[in-house]
Every structure is written in C-alpha cells, then in structure tokens.
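Biologist: I'm new to this one, so could you take me through a single part of it up close? I'd like to start with the core and work outward from there.

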Amino acid sequence: FGNRLNGSLRVFYAPGKGKAIFMPNAGIQFERGESDLQSGYLVSLTGGQALYALGGLEVFSGKWGLGCTYQLPLNQHLGGGYIQAKPRFSTNLLFIF
C-alpha cells in the first residue's frame, strides 16, 4: 500500500482545576497518501490529499477522559478526484496512568 502522512494542529482551552474539566478544541488536519501498489503495479483511483477543519470537546475527571471530534473537509483531491470525503465524527476514551 502507498505511504501515508497525517498531521494536525489543535488549540485548546484548559480551565482551572475542578472535579470535571471541560476542554474545547479546534484545529486543522492534513492527510496525504501515495497511490497504492499491488504486486509492483499502481492501483488506480488510490492516493490523494485532504484538509479538514476540526472541532471537539474533551472531558476529564480524575484519571479518565472522554472526547469527541468533528472533522469537516475543507479541500480534497482523493482517488484521482473520484472519491469525495464527507464530514466525520470520532470519539476517544482516555486513561492516564
């Protein structure tokens, strides 16, 4: 499969200490993938790049955290222009040890 590169930049607000801490965040994410190879041959309609706007919220209590992020495509060229990225939503669960 083709080489992949992902990177993101986020800013967040971390208020003072408390029983539960709510941390909103926003940023951008860039993804780039080279075309896939199978048996040494390029696979058509693979690879490309996309830029997303990010917005989310992380909630921490004690050693646990729960978060969600919404990603909205801003610019994209995927699969030779045949693939269209749609908004996506992700969640995470964190344990700090």
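**A close look at the core**

Modeller: Let's start with the largest nonpolar core, which has five residues: Ala50, Tyr52, Leu54, Leu78 and Ala85. Strand S5, covering residues 48–61, gives the largest share of this core, three residues. Keep in mind as we go that this is a predicted model.

Take leucine 78 from that list. Leucine 78 sits in strand S6, which spans residues 64–78. Its relative accessible area is 18%, and since buried means under 20%, leucine 78 counts as buried. Now look across to alanine 50: the two are 28 residues apart in sequence, yet their C-alpha atoms are 7.2 Å apart in space. Alanine 50 is also one of the contacts of leucine 78 once neighbours within four places in sequence are set aside; the others are Gly47, Gly48, Gln49, Ile83 and Ala85. Ala85, by the way, is a core member too.

Next, leucine 54, another core residue. Skip its neighbours within four places in sequence, and leucine 54 still touches quite a list. From one stretch of numbering come Ser8 and Arg10, then Asn25, Ala26, Gly27, Ile28 and Gln29, and finally Thr69, Tyr70 and Gln71.

Ile28 on that list is worth a stop. Isoleucine 28 belongs to strand S2, residues 21–33. With a relative accessible area of 42%, isoleucine 28 is partly exposed, so it can't be a member of a nonpolar core, which takes buried residues. Still, isoleucine 28 is in contact with two core residues, Tyr52 and Leu54. Its other contacts beyond four places in sequence are Gly7, Ser8, Leu9 and Leu51. For a contrast, try threonine 46: isoleucine 28 and threonine 46 are 18 residues apart along the chain, and their C-alpha atoms are separated by 23 Å.

Now for the loops. Leucine 45 is found in the loop between S4 and S5. Its phi is positive, about 60 degrees, although leucine 45 is not a glycine. At 48% relative accessibility, leucine 45 counts as partly exposed. Serine 39 has a positive phi as well, near 55 degrees, and it is likewise a residue other than glycine. You'll find serine 39 in the loop between strand S3 (37–38) and strand S4 (41–42). With a relative accessible area of 69%, serine 39 is exposed.

Let's zoom out to see where all this fits. The protein has seven strands and zero helices, so to speak β-β-β-β-β-β-β when you read the elements from the N terminus on. Of its 97 residues, 26% count as buried. A compact globule of 97 residues would have a radius of gyration near 13 Å, but this protein has 17 Å. Its C-alpha atoms fill a box of roughly 55 × 30 × 15 Å along the principal axes.

How does the chain come back on itself? Among contacts with a separation of 6 or more, 49% are between residues 24 or more positions apart; the pairing of leucine 78 with alanine 50, 28 residues apart in sequence, is one to look at.

As for the outside, the protein exposes about 7200 Å², and carbon and sulfur atoms supply 63% of that. There are 8 positive and 4 negative side chains, and the centres of the two sets lie 13 Å apart.

How values were computed:
Residues numbered from 1 in each chain as written. Predicted model: local features only at pLDDT ≥ 70, side-chain atom pairs only at ≥ 80, totals over all residues. Heavy atoms only, no water. Helix = DSSP H or I, 4+ residues; strand = E, 2+ residues; numbered from the N terminus. Rg over C-alpha atoms; globule rule 2.2 N^0.38 Å. Buried < 20%, exposed > 50% of the residue type's maximum accessible area, 1.4 Å probe, protein only. Contact = heavy atoms within 4.5 Å. Areas by Shrake-Rupley, 256 points an atom, 1.4 Å probe, with all protein chains shown as cover. Lys, Arg positive; Asp, Glu negative; His and termini not counted. Charge placed at Lys NZ, Arg CZ, Asp CG, Glu CD. Core = buried A, V, L, I, M, F, W, Y, C linked by side-chain atoms within 4.5 Å.
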